[in-house]
Amino acid sequence: MATPLDLQEQEQLDELKHYWKKYGDLITWTLLLVFGALAAWNGYQYWQREQATKASALYDEVERAAQAGDTAMLERAFSDMKDRYGRTTYAQQSGLLVAKVMDEKGNIDGAKAALAWVADKASDEGYQSIAKLRLAAVLMQAKAYDEARKQLAGSFPSEFAPLVADRLGDIDVLQGKKADAVTQYSRAYKGFEAQSQYRRVVEVKLNALGVDPQAGAVSAAQAGASATGESK
């Protein structure tokens, strides 16, 4: 004979069956999607770590070739790096290192190609900006001033603005545009922190053009002090 407790349990069981019949498929697919996404994320993280490990080993090969000055080996290693791990930071670092060695060896075309690749393919704005600045310097050596300007015409993170202005000032000097050079160097000087070593370098460049940025700062301070005294 069924007891009230048995009947209550049967009712709950029937409700559970009805609920599962109505929502079971939805629950199952939702769980599959959640666990599938987790598995995919974990797989992606594992793949990234594996890629980084392999890219690191190949970067060691790039460094060894650079230290040995073996440009043929350097080009092969960098080519492999671009083909296999082009999206990693190791590839971007490799490009900058390859360009440095090529420039030192007098291979301007090789240096330009490596820097252009980093400037175009780098996912990190910092590496991209460094590549553009160095590429502009290499183009300046080749007296390709208009091309150098093009490298500096795009957008840069704000912290690179003084460096860009300084490089533009260098181009202006080489082209005999003294007034434009003073404008760019002054912009760079104001952009660097007061204790920055680079700011002192820019100050020397301004001095060479007959401009003393320190004198301008002193005059402004004196003018402010005079105005304060008059107001009293």
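The expected span of a helix is 1.5 Å times one less than its number of residues. I kept that rule at hand while going through this predicted model.

**Entry 1: α4**

I looked up the length of helix α4 before its surroundings. It has 14 residues and reaches 20 Å from its first C-alpha to its last, close to the 20 Å expected at 1.5 Å a residue. I then listed its buried residues: Gly-110, Ala-111, Ala-114, Leu-115, Trp-117, Val-118 and Ala-119. The cover over these buried residues includes α2, α3 and α5. I note the general point that an α-helix has 3.6 residues a turn, so residues three or four places apart point the same way.

**Entry 2: α4 against α5**

At what angle do α4 and α5 pack? I find about 155° between α4 (residues 108–121) and α5 (residues 125–141), with the axes 8 Å apart. Angles over 145 degrees count as roughly antiparallel, and α4 and α5 are therefore roughly antiparallel to each other. The crossing of α4 past α5 is left-handed. From α4 the contact takes Ile-108, Lys-112, Leu-115, Ala-116, Val-118, Ala-119 and Asp-120. From α5 it takes Tyr-127, Gln-128, Ala-131, Lys-132, Arg-134, Leu-135, Val-138, Leu-139 and Gln-141. Sorted by class, I have 10 nonpolar, 2 polar and 4 charged residues in the contact of α4 with α5. Leu-115, Val-118 and Ala-119 of α4 are in this contact and are also on my list of buried residues.

**Entry 3: α2 against α3**

I turned next to α2 (71–85) and α3 (residues 89–104). Their axes come within 10 Å and cross at roughly 155°. α2 and α3 are therefore roughly antiparallel to each other, and their crossing is left-handed. On the α2 side I noted Thr-71, Leu-74, Glu-75, Phe-78, Met-81 and Tyr-85 in the contact. On the α3 side I noted Tyr-90, Ala-91, Ser-94, Gly-95, Val-98, Val-101 and Met-102. The class count for the contact of α2 with α3 is 9 nonpolar, 3 polar and 1 charged residues.

**Entry 4: Ser-94**

Is Ser-94 buried or exposed? Its relative accessible area is 0%, so I enter Ser-94 as buried. The residue sits in helix α3. Leaving aside neighbours within four places in sequence, I find Ser-94 in contact with Tyr-59, Val-62, Phe-78 and Met-81. Phe-78 and Met-81 belong to α2 and take part in its contact with α3.

**Entry 5: α7**

How many of the 14 residues of α7 are buried? I get 10, so α7 is largely enclosed by the rest of the structure. The buried residues are Pro-162, Val-164, Ala-165, Asp-166, Arg-167, Leu-168, Gly-169, Asp-170, Ile-171 and Asp-172. They pack against α5, α6 (145–151), α8 and α9 (197–208). Helix α7 (residues 161–174) reaches 20 Å from its first C-alpha to its last, close to the 20 Å expected. After α7 I checked Gly-176, where phi is positive, near 75°.

**Entry 6: Lys-190**

Last, I looked at Lys-190, which lies in helix α8 (residues 178–191). Exposed means over 50% relative accessible area; at 69% relative accessibility, Lys-190 counts as exposed. I also looked up its separation from Pro-213. The two are 23 residues apart in sequence, and their C-alpha atoms are 9.1 Å apart in space.

Definitions and conventions: Residues numbered from 1 in each chain as written. Predicted model: local features only at pLDDT ≥ 70, side-chain atom pairs only at ≥ 80, totals over all residues. Heavy atoms only, no water. Axes fitted to C-alpha atoms, helices over the stretch in contact; angles between N-to-C directions. Helix = DSSP H or I, 4+ residues; strand = E, 2+ residues; numbered from the N terminus. Parallel < 35°, antiparallel > 145°, perpendicular 65-115°, else oblique. Left-handed = near helix turned anticlockwise from the far one by under 90°. Contact = heavy atoms within 4.5 Å. Nonpolar A, V, L, I, M, F, W, Y, C, P; charged D, E, K, R; others polar. Buried < 20%, exposed > 50% of the residue type's maximum accessible area, 1.4 Å probe, protein only.
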